[in-house]
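This report looks at an annotated pair of residues, the cavities and the nonpolar core. Please keep the sequence and the model in view while reading.

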Amino acid sequence: MSDNRALRRAHVLANHILQSTPPSSNLSLTREVCLQYSPPELNESYGFDVKEMRKLLDGHNVVDRDWIYGLMMQSNLFNRKERGGKIFVSPDYNQTMEQQREITMKRIWYLLENGVFKGWLTETGPEAELRKLALLEVCGIYDHSVSIKVGVHFFLWGNAVKFFGTKRHHEKWLKNTEDYLVKGCFAMTELGHGSNVRGIETVTTYDPTTEEFVINTPCESAQKYWIGGAANHATHTIVFSQLHINGTNQGVHAFIAQIRDQDGNICPNIRIADCGHKIGLNGVDNGRIWFDNLRIPRENLLNAVADVSSDGKYVSSIKDPDQRFGAFMAPLTSGRVTIASSAIYSAKVGLAIAIRYSLSRRAFSVTANGPEVLLLDYPSHQRRLLPLLAKTYAMSFAANELKMIYVKRTPETNKAIHVVSSGFKAVLTWHNMHTLQECREAVGGQGVKTENLVGQLKGEFDVQTTFEGDNNVLMQQVSKALFAEYVSCKKRNKPFKGLGLEHMNSPRPVLPTQLTSSTLRCSQFQTNVFCLRERDLLERFTSEVAQLQGRGESREFSFLLSHQLAEDLGKAFTEKAILQTILDAEAKIPAGSVKDVLGLVRSMYALISLEEDPSLLRYGYLSQDNVGDVRREVSKLCGELRPHALALVTSFGIPDAFLSPIAFNWVEANAWSSV
């Protein structure tokens, strides 16, 4: 070692020990060689009008959405914090369960005081309902606990009073519920029964001497379980119970019961326990309820469908028990509608974060001493995120269509709403969980950090796949409804009408044997292959059930044995319905850049759905060569969507503050100065 090098080394060590700045040298590290954050907006361009695209995606009440975004951003209740030079609002998930519950309720009070819930139960009509749905969706973008607490109070408790009850209930409960003078919950699920509502074990009898109903939890499996709001805050609940009149079980009915007084004390003949800490939604106070011969007034039976006279006679205009049960369940569709929509907004948050990060984070170089490559410039990274982005777009249009048919519902459309909402709820919530997992992995270790949201959202939204109906059960309900429609039309020799089955009145579509790029992107080809799949699976399903019945099996047991075809059919029906919603949206747009990009997105949705479904090859709709053509076209579409990635996530319209630090200056957000 030369004397000069030894001297310099000693000088550097001395300066290090003395914590002084070493002399400048061309050997020292400088900021220029360190990674610097570069906003993607500097290099990415918008090839279409993102504001117009946002209007299409949100579908309704854009101004109302922006208003409530602003309300949240201006209040410290929503945990404003600065990271990397930007302000973010998101829950503090490091708080204890008790603290999260307390702050969730404070946020609801704040929204109440600022008029967010005005008219949610007292105003009627499609416009009022769409506004309510839009505001609830934004609540869920901020925090799923807030939207669930609000949803239980208004959409479960409130809607039960509104739709199961009559004038006497509306006058007594609706305005007080809207003003939170009454805090409601919804006691349907039991320890021993969830999806099988008919099997619940809570029992209610009638005492004509006092004109009271007596509600009882006869065994431990009958305890009400997972009841949101029950553990801490709810004052009243809707109780679903078997109604026994003069020794006859009249089936499941709904009652209003008070469980706490206005001071928060638990009422006599009620026992409540906490469900405890959960993998997410710890701002919701889920509880368990036991009823010990609780007496309630006769007027507390929600009597829109059936009633009990003062002397104990059971009265209902619907004589058939199955139809009566269906009438009770029909108003609960709103839960599946809101879940499906909120799942897509959750996926949007995850994708906006992951894609923005991938447009500024680099890794490895493809040439010696060359610059590192942006994550989203790797074809493999495009393959991970861009098909999910296209699916999220398509499902946004599906969720909007579901909301529209729900708010314009009539007794004649209830069946279609039930079937479509069941399919959409299942497919959209499964998509959300898949998307969040892929986004978590796509941002690497940063996805594990709670403040970066994508990992945390998995735990927050996982419950959606099972509440308001287990997804697998819902898909079987879809298939059973299609089965019933098919059998009915064939038996009466009538054309198919409704549930999107009209295509079965036309000849079976014939697919080309050679699939070119233009063919694969053709909307008619995409429609044909989706219709062919649904048609063939429906015919196979009905044939298999008929064969099993021919061997002496009951219809229900035949359905159980045919569950694989039922699941394939439910998926085929739902994916075809989703495709139709984006085709309908695309058809309404004038020629231009928005329409062009939406065409790419639609083709990506259609082709990735085909690529991921093994039934296409299993049942011979496509050949092995065709499947290879689809796979290659998906990769080509990834490359064509790549330049639009930033614009597509910007079109979600989610303010920067509702995303996370890694979506922006992740270097500054993690700098020593931020510690």
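## Annotated positions and cavities

Gly228 is buried, with a relative accessible area of 11% (buried means under 20%, exposed over 50%, partly exposed in between, with a 1.4 Å probe and protein chains only). The model is a predicted one, in which local features need pLDDT of at least 70 and side-chain atom pairs count only at pLDDT 80 or more, while totals for chains, interfaces and linings use all residues. Residues are numbered from 1 along each chain as its sequence is written, and side-chain values use heavy atoms, with hydrogens and water left out.

The "binding site" annotation of the unreviewed UniProt entry covers Thr189 and Gly228; such annotations may be inferred rather than shown by experiment. Although the two are spread over 40 residues of sequence, they cluster in space, with a largest C-alpha distance of 10.5 Å. The table sets them side by side; contact means heavy atoms within 4.5 Å, and neighbours up to four places away in sequence are left out. Strands are DSSP runs of E with at least two residues, and helices are runs of H or I with at least four, both numbered from the N terminus.

| Residue | Location | Relative accessible area | Contacts |
|---|---|---|---|
| Thr189 | loop between E3 (184-187) and E4 (203-207) | 27%, partly exposed | Gly194, Gln223, Lys224, Tyr225, Ile227 |
| Gly228 | strand E6 (224-228) | 11%, buried | Val152, Cys185, Val284, Asp285, Asn286 |

The same entry, which is unreviewed, gives "domain: Acyl-CoA oxidase/dehydrogenase middle" for residues 185-293. Over residues 185-293 the chain is 0% helix and 46% strand, and the end C-alpha atoms are 20 Å apart.

The structure holds five cavities of 30 Å³ or more. A cavity is a set of points on a 1 Å grid over the protein atoms alone where a 1.4 Å probe fits but cannot get out, and lining residues have an atom within 4 Å of a point. The largest cavity has a volume of about 100 Å³, a volume being the space filled by probe spheres set on the points. Its lining includes Gly228, Val152 and His233. Helix H6 (144-164) and helix H4 (97-113) each give two or more residues to this lining, and H6 has the largest share, with three.

The largest nonpolar core has 198 residues, of which Ile238, Phe240 and Ile355 touch the most other members. Such a core is a set of buried Ala, Val, Leu, Ile, Met, Phe, Trp, Tyr and Cys residues joined through side-chain atoms within 4.5 Å. Helix H10 (residues 379-407) gives the most to this core, with 14 residues.

How values were computed. 1 Å grid on protein atoms, 1.4 Å probe; cavity = no way out; pocket = protein on both sides within 12 Å on 5 of 7 lines; lining within 4 Å.
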